[in-house]
Amino acid sequence: MNETATLAAPTPADTEERILILAPRGRDANLIAGTLAEDGIHTAVCPDASSLVEWLDEGAAAAIVAEEALTRECVTEITRFLESQAPWSDIPFVVLTSGGRPNPATNRRAHELGVLGNITFLERPVRPATVLSSMRAALRARLRQYEMRRRQETLTRVNADLEQFAYSASHDLQEPIRNVAIYSDILSMRYNQVLDQRGLEFLGNVKSAAYRMQTMVSDLLCYTQAASIADEPVEQCDANAALAAALSILSETIPGNATITASSLPAVRVRKVHLQQIFQNLIGNAIKYRGDEPLRVEISALRNDGYWFFSVQDNGIGIATEYLEQVFGIFKRLHTHKKYPGTGIGLAICQRIVERYRGRIWVESAPGKGSTFIFTVPT
Ligand code: ADP
């Protein structure tokens, strides 16, 4: 036998790919370990229930446990472990049941575990070939879970890099664009006598493109900032106050003949600045995309199934069915900038904010029939 290999500390891969065996009585543990070792499967025999739980925390591909080892404390600890697994993890557990001489207490506990996790029962006496095929299947399933975890980690990292890139780009672009806007203003003030008609026209185009770019970049910055909303419990915020703040900011743009009504709104666990931003974007859009009729906007909230359903309903131009999902995409717009100015980021921001608070947002609408934007927030 290669001594160095025997003495070497287990690598993380060995730990993650080992199968833990807990069968304190009789020779089951050694027999199983021997059978699996012949197939090249790493095993670790746990001397008692507490080492099983400790070693599960350190990492394992699967566990095989004799039913008689399932003391009350052991089941409590295994339950804690199963319930605290990461979303990618569903560790396979094999329980060797007592076969012909069942013990009602351990049998009940084994079945309690059965509903909690990825548990397979093997009735004793069990043939080595059956143990081997079950553990091979368990190992294979676990390796797939590790692959899922790896992909998830890559995605999370790539996403974070992209967020950082979008944030830095939009942040750093602000200054040069501001300079273009400022200098084109100065040019048109100081040199308008020098420039001919075409020159003035070109300068006008530079100015409006620079101002548009400024709005896009600041909206993009706002969008990237919404991704970094901390995922932690927040104080209740009175939605009526958030709505009032949004309406006050929009007051200049609300037409004189508009009617905006709101039912009494609840307090929700969303930061006020974010709730205000959602109302501001949705009501701002209702104002912008109004039809020929005097504008009517109705804001209300209903409680159902663990969520508050907020709705912002308008009687505006409406949205065709094929665009009901697309309008939440970044930069997605249905009209030319000339007809309705905008950057196409407002609804994407709303969606990001709502999803950070574990809610959803969607719209119900038809052309000429107004639109109802609905967003949910956990109660
Ligand atoms: P923006 O208004 O800057 O274009 P948004 O992301 O807020 O960007 O909206 C995306 C698109 O969805 C808009 O360009 C518009 O076509 C459509 N839209 C949004 N709100 C409404 C509404 N209340 N009524 C009709 N269309 C709307």
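The second largest pocket of this predicted model is lined by 14 residues, and those nearest its centre are E232, P233, V234, R269 and Y357. Its volume comes to about 240 Å³. Sorting the residues of this lining by type gives seven nonpolar, six charged and just one polar.

Next comes the largest pocket, which holds about 880 Å³ of space. Here 38 residues make up the lining, with N285, K288, Y289, P341 and G342 closest to the centre. By type, the lining of the largest pocket splits into 16 polar, 15 nonpolar and seven charged residues. Which elements supply at least two residues each to this lining? Four helices do, namely α8 (197-227), α9 (239-250), α10 (272-288) and α11 (346-356), and so does the strand β12 (371-378). The largest share belongs to α10, which puts in eight residues.

Zooming out, the protein is divided into two parts: domain 1 covers residues 15-153, and domain 2 covers residues 233-379. How far apart do the C-alpha centres of domain 1 and domain 2 lie? The separation works out at 51 Å.

Now for the sheet. Five strands come together in an open sheet, and reading across it the order is β2-β1-β3-β4-β5. The pairing is parallel. At the edges sit β2 (43-45) and β5 (118-123), each of which has a pairing partner on one side only. Going from one strand to the next, the twist averages 20°.

One pair of strands in this sheet can be followed in more detail. Strand β1, made of residues 19-22, pairs with strand β3, made of residues 62-66, through four bridges in the parallel sense. Which residue of β3 is the bridge partner of L20? That partner is A63.

A helix also comes into the picture here. Helix α6, spanning residues 104-114, lies across two of the strands, β4 (92-97) and β5. Relative to β5, helix α6 runs at about 145°. So β5 turns up twice in this description: as an edge strand of the sheet, and as one of the strands that α6 lies across.

How values were computed:
Residues are numbered from 1 along each chain as its sequence is written. This is a predicted model: local features need pLDDT of at least 70, side-chain atom pairs count only at pLDDT 80 or more; totals for chains, interfaces and linings use all residues. Side-chain values use heavy atoms; hydrogens and water are left out. Two strands pair if DSSP finds at least two bridges between them. Axes are lines fitted to C-alpha atoms, for helices over the stretch in contact, and angles run from 0 to 180 degrees between N-to-C directions. Contact means heavy atoms within 4.5 Å. Domain bounds come from an automatic or database domain assignment. On a 1 Å grid over the protein atoms alone, a cavity is a set of points where a 1.4 Å probe fits but cannot get out, and a pocket is an open set with protein on both sides within 12 Å along at least five of seven lines; lining residues have an atom within 4 Å of a point. Grid points are joined across faces, edges and corners, and a volume is the space filled by probe spheres set on the points. Ala, Val, Leu, Ile, Met, Phe, Trp, Tyr, Cys and Pro count as nonpolar, Asp, Glu, Lys and Arg as charged, and the others, Gly among them, as polar.
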